[in-house]
Amino acid sequence: MIQLGKYNTLEILRHTSVGLFLGDEESNDVLLPNKYMPESYEIGDKIEVFCYLDYDERPIATNLDPGIVVGEFQLLQVVDVNQFGAFLDWGLEKHLLVPYREQRSKMQQGQWYVVYCYLDEKSNRLVASNKLNKFISNETLSVRVREKVDIIITRQTDLGWEVIINNAHKGLVYFNEVFKKIAIGDVMAGVIKEIRPDHKIDVSLQPLGEKVLEPAANKILETLIASGGFLALHDKSDPEIIREELQMSKKTFKKGIGTLYKAKKIEILGDGIQITE
């Protein structure tokens with residue numbers, strides 16, 4: 001079966017004036033237009049292509065890599081808006097539609113949104129949605145505390161950053177636990193910090209417990225070296241200044257300089273810290 005919105009490994013069946021026809025094991029075929037043909041090939045070769053619908057709603061294959069595939073969440077830009085909805089640039093000739101019914105709020109041309117791609121069963125068309133909660137659930141969880149996970153940042157709330165965990169669940173990273181610049185659409189690693197009785201999930205961007213100490217010490221030392229061996233930061237410094245300079249909390253900073261001091265890597269002065277000779 002040729003799957004729309006996904007990569008397919010298909011056999012080259014025949015060459016025509018418009019391109020190569022590729023087929024699967026169920027005798028379905030699809031056109032790979034001339035401009036996407038490989039430089040060299042043999043009839044019977046198998047190649048990997050992405051399949052979607054062309055402007056006439058016919059299945060077509062391409063060797064281009066789309067910015068999103070069915071079942072994924074990704075950050076994409078709106079390039080056009082008309083009476084049918086918003087259209088996203090996903091790296092292919094025909095833009096990806098987000099119908100108005102699938103927009104959390106009216107999308108604006110030029111803006112970027114995290115969306116989910118799926119095959120609409122009624123129309124058999126590939127579409128996207130930024131009503132993300134429809135496609136994730138915390139009812140039955142597939143993660144556990146301290147597990148390393150993949151996350152995508154989806155939006156900012158009063159408490160922190162909402163994230164999608166492993167393409168399946170919703171979680172939250174609290175503002176006071178973010179020590180680096182992040183933005184909507186960022187994909188990164190995280191750790192499950194806590195699962196609450198109501199299945200709400202807290203996520204950390206750093207290793208839990210004492211494991212955060214060593215990276216903090218290393219970062220402070222690297223910053224010291226880059227700054228010529230001295231930083232005007234100490235245990236009385238304003239927490240916001242520490243966060244801005246090092247992207248870490250004051251508590252983590254104090255633990256970090258404690259580690260460096262015990263290792264005789266730094267001296268703690270009245271006005272800052274300095275690398276030892």
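The following exercises, each with a worked solution, concern charge pairs, a charged patch and backbone geometry in a predicted model.

**Exercise 1. Determine which residue pairs with Glu-177 in a salt bridge, and describe the setting of both partners.**

Solution.
Step 1. Search for the partner: Glu-177 forms a salt bridge with Lys-193, and their closest N and O atoms are 2.3 Å apart.
Step 2. Place both residues. Glu-177 lies in the loop between β13 (169–174) and β14 (187–195), whereas Lys-193 belongs to strand β14, so the pair ties together parts that are 16 residues apart in sequence.
Step 3. Classify the partners by accessibility. Buried means under 20% relative accessible area; Glu-177, at 18%, therefore counts as buried. Lys-193, at 36%, counts as partly exposed.
Step 4. Turn to linked bridges: Asp-54, Asp-56 and Arg-58 are joined into one network by salt bridges that share partners.

**Exercise 2. For the salt bridges Asp-56 with Arg-58 and Arg-155 with Glu-162, state the closest N and O separation and the accessibility class of each residue.**

Solution.
Step 1. The structure holds 14 salt bridges, and the two treated here are among them.
Step 2. For Asp-56 and Arg-58, the closest N and O atoms are 3.3 Å apart. Asp-56 is exposed, because its relative accessibility is 54%; Arg-58, at 48%, is partly exposed.
Step 3. For Arg-155 and Glu-162, the corresponding separation is 3.1 Å. Arg-155 has a relative accessible area of 35% and is partly exposed, while Glu-162, with 13%, is buried.
Step 4. A general principle underlies both cases: side chains of opposite charge can pair when their charged atoms come close.

**Exercise 3. Identify the residues that gather in a patch of negative charge on the surface, and characterise Glu-11 within it.**

Solution.
Step 1. The patch is formed by Glu-11, Glu-25, Glu-26, Glu-42 and Asp-45.
Step 2. Glu-11 is located in strand β1, which spans residues 7–16.
Step 3. Patch members need over 30% relative accessible area and no salt bridge. Glu-11 has 32% relative accessibility and so counts as partly exposed.

**Exercise 4. Describe what caps the N-terminal end of helix α2, and what follows the helix.**

Solution.
Step 1. Helix α2 comprises residues 239–246, and Asp-238 caps its N-terminal end.
Step 2. The supporting contact runs from a side-chain oxygen of Asp-238 to the backbone nitrogen of Glu-240, at 2.7 Å.
Step 3. After α2 comes Gln-247, with a positive phi near 55°.

**Exercise 5. Assign the positive phi values of Asn-124 and Lys-264 to their structural settings.**

Solution.
Step 1. As background, most residues other than glycine have a negative phi.
Step 2. Asn-124 has a positive phi near 60° and sits in the loop between β9 (112–120) and β10 (125–129). Its relative accessible area of 40% makes Asn-124 partly exposed.
Step 3. Lys-264, which is not a glycine either, has a positive phi of about 60°. Lys-264 occupies the loop between α3 (250–262) and β17 (266–268), and with 69% relative accessibility it counts as exposed.

**Exercise 6. Locate Asn-28 and state how far it lies from Val-98, in sequence and in space.**

Solution.
Step 1. Asn-28 lies in the loop between β2 (19–23) and β3 (29–33).
Step 2. Asn-28 is partly exposed, at 32% relative accessibility.
Step 3. Asn-28 and Val-98 are separated by 70 residues in sequence, and their C-alpha atoms are 28 Å apart in space.

Note on methods: Residues numbered from 1 in each chain as written. Predicted model: local features only at pLDDT ≥ 70, side-chain atom pairs only at ≥ 80, totals over all residues. Heavy atoms only, no water. Patch = residues over 30% accessible without salt bridge, like charges linked within 9 Å, V, L, I, M, F, W, Y side chains within 5 Å. Areas by Shrake-Rupley, 256 points an atom, 1.4 Å probe, with all protein chains shown as cover. Salt bridge = Lys/Arg side-chain N within 4 Å of Asp/Glu carboxyl O. Lys, Arg positive; Asp, Glu negative; His and termini not counted. Charge placed at Lys NZ, Arg CZ, Asp CG, Glu CD. Helix = DSSP H or I, 4+ residues; strand = E, 2+ residues; numbered from the N terminus. Buried < 20%, exposed > 50% of the residue type's maximum accessible area, 1.4 Å probe, protein only. Polar contact = N/O pair within 3.5 Å; in protein donor to acceptor, adjacent residues only side chain to side chain.
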